[in-house]
Amino acid sequence: MKYASQKIAYWYFAAALLLFVVQVLVGALAGTVYVLPNFLAEITPFNILRMIHTNALIVWLLLGFFGCAYYLIPEEAERDIISPKLAYIQLGILVFGALAAVVGYLFGIHQGREFLEQPTWVKMGIVVAALIFLYNVSMTVLKGRKTAVTNVLLLGLWGVALFFLFAFYNPSNLALDKMYWWYVVHIWVEGVWELVMASILAFLVIKLTGVDREVVEKWLYAIVGLALLSGLLGTGHHYYWIGTPGYWQWIGSIFSTLEVAPFFAMVLFAFMMVWKGRRDHPNKAALLWALGTPVIAFFGAGVWGFMHTLAPINYYTHGTQVTAAHGHLAFFGAYVMLNLAMISYAMPHLRKVAPYNQVLNMWTFWIMTSAMCFMTFTLTFAGVVQTHLQRVMGTYYMEVQDQLALFYWMRLGSGVFVVISALMFVYAIFGPARVQVPHHMRTATGKPAETATTPAE
């Protein structure tokens, strides 16, 4: 850690991981309802569990992004954050808003729009927090060194704030409502969030591989161009069946197909940079998460998205478990793994211990990734069966659900492993550090001469 204000990121990461644990725990409860329909029905209905699960996901990812920004911007801009005090105020607003929203959901206080259920006053708090954040990081960059990483990161973060404003617009016409609703939900995760993802991944690649910055920046701008070209018009694949003109079926199909390109480019980028760098970085866990991010994102967002993004296919698969399979693996690969990669890299510096429990962290990677892939496969098979029985054969919805029970049990089993691995990750990051003493510091007997606690870059 080179700058004092980077310490801000510690508390953002801590809050993010706390919400991450809440999100996966509630997800496991929601998965239980699929196999035991009356489970918690009198206390917390399924729609509330689903609401908390998805909202906690979005909020903890955003907290993670903010933490990433507060950690990497001082290093990139070569100066401290303008106002650490404002950063902590922003964190307080976001955490209070998240807790208030969850309590409100438990008591049935929400606006009903999927993913945007937050009461208006909570949305306003989010806007205030976003304005504080944008002022803080933008002024820091303007007064410091400008790099491609900070330029792309700021473009993405400003996009996050601007497109969230459409959450306030709720027209009475349902087709119009959905058009603008996707401006937030789609353009966030398949547009501006991809810019945030690419910039953070570029920062990690520079730090972990030692590859020349100019090479990384060329790749970064190419990926950003592909992401914006495909992501913005790719929104059309959500316009197929909501009452919009038929030309959206062509626009959506063509540009959604192109959405695979930036994720494939990120895979090539990450592995080529590691190969070029040939640097034996001590933080193996961070490197593992950083390499895993574009790979799983490519399959989850790219391949699984392409599987049912063409209009003639989407006509049958829309809203089935195929959608759930794509959503779970895409979010996990593109954004969950990215945050966990950055946390794995930054936390040893923030805690001033190195190396920390990397073995446990890497076990976490393999268990969590395997569980999420297994969950994706089970949901995919469930979706194919559901599509055939329900959309082709015309079997009643509830009869079809009975046929999917085995897949739902398997999905629940994989969800339990995700919860266990999430707890393992938190312990690996915040638990006791397993300090490895360099060879030259050992005595003739092989025992440590002293304890090293300085983090390695």
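# Exercises on salt bridges, helices and a domain interface

Lys207 and Glu75 form a salt bridge whose closest N and O atoms lie 2.7 Å apart, a salt bridge being a side-chain nitrogen of Lys or Arg within 4 Å of a carboxyl oxygen of Asp or Glu. The pair joins distant parts of the chain, with Lys207 in helix α6 (residues 174-209) and Glu75 in helix α2, 132 residues apart. The model is predicted, so that local features need pLDDT of at least 70 and side-chain atom pairs count only at pLDDT 80 or more, while totals for chains, interfaces and linings use all residues. Residues are numbered from 1 along each chain as its sequence is written, and side-chain values use heavy atoms, with hydrogens and water left out.

## Exercise 1. Salt bridges and their surroundings

Task: Determine how many salt bridges the structure holds, and establish for Lys207, Glu75, Glu78 and Arg145 whether each is buried, partly exposed or exposed.

Solution. Step one is the count, which is five salt bridges in the structure. Side chains of opposite charge can pair when their charged atoms come close.

Step two applies the accessibility classes, in which buried means under 20% relative accessible area, exposed over 50%, and partly exposed in between, with a 1.4 Å probe and protein chains only. Lys207 is buried because its relative accessible area is 12%, and Glu75 is buried because its value is 8%.

Step three turns to Glu78 and Arg145, which form a salt bridge with closest N and O atoms 3.7 Å apart. This pair also links distant parts of the chain, with Glu78 in the loop between α2 and α3 and Arg145 in the loop between α4 and α5, 67 residues apart. Glu78 counts as partly exposed because its relative accessibility is 47%, and Arg145 is likewise partly exposed, at 29%.

Step four adds Asp177 and Arg113, whose closest N and O atoms are 2.5 Å apart in their salt bridge. Asp177 belongs to helix α6 and Arg113 to the loop between α3 and α4, 64 residues apart, and both residues are buried.

## Exercise 2. Helix spans and packing

Task: Compare the end-to-end distances of helices α4 and α8 with the expected spans, and find which elements their buried residues pack against.

Solution. Step one sets the reference: helices (H or I, at least four residues) and strands (E, at least two) are DSSP runs, numbered from the N terminus, and the expected span of a helix is 1.5 Å times one less than its number of residues.

Step two treats α4 (residues 120-142), where 23 residues should span 33 Å and the end C-alpha atoms are 32 Å apart, so the two values agree. Helix α8 (residues 247-258), with 12 residues, reaches 17 Å from its first C-alpha to its last, close to the expected 16 Å.

Step three concerns packing, with contact taken as heavy atoms within 4.5 Å. The buried residues of α4, among them Lys123, Phe133 and Asn136, pack against α2 (46-77), α3 (84-106) and α5 (148-164). In α8 the buried residues are Trp248, Gly252, Ser253, Phe255 and Ser256, and they pack against α7 (213-233), α9 (260-277) and α11 (311-317).

## Exercise 3. The interface of domain 1 and domain 3

Task: Describe the interface of domain 1 and domain 3 in terms of contacts, buried area and polar pairs.

Solution. Step one fixes the bounds, which come from an automatic or database domain assignment: domain 1 (1-146), domain 2 (158-281) and domain 3 (317-435). The centres of domain 1 and domain 3, taken over C-alpha atoms, are separated by 20 Å.

Step two gives the extent of the interface, in which 26 residues of domain 1 are in contact with 30 residues of domain 3. The two domains bury about 2500 Å² between them, 83% of it on carbon and sulfur atoms, where buried area is the accessible area (1.4 Å probe) that two parts lose on being put together, summed over both. In domain 1, Leu17, Tyr34 and Tyr71 lose the most area to domain 3, together 22% of what that side buries.

Step three considers polar pairing: there are zero salt bridges between domain 1 and domain 3, whereas two residue pairs are in polar contact across the interface, both at pLDDT 80 or more. A polar contact is a pair of N or O atoms within 3.5 Å; within protein, one must be able to donate a hydrogen and the other to accept it, and residues adjacent in sequence count only if both atoms are side-chain atoms.
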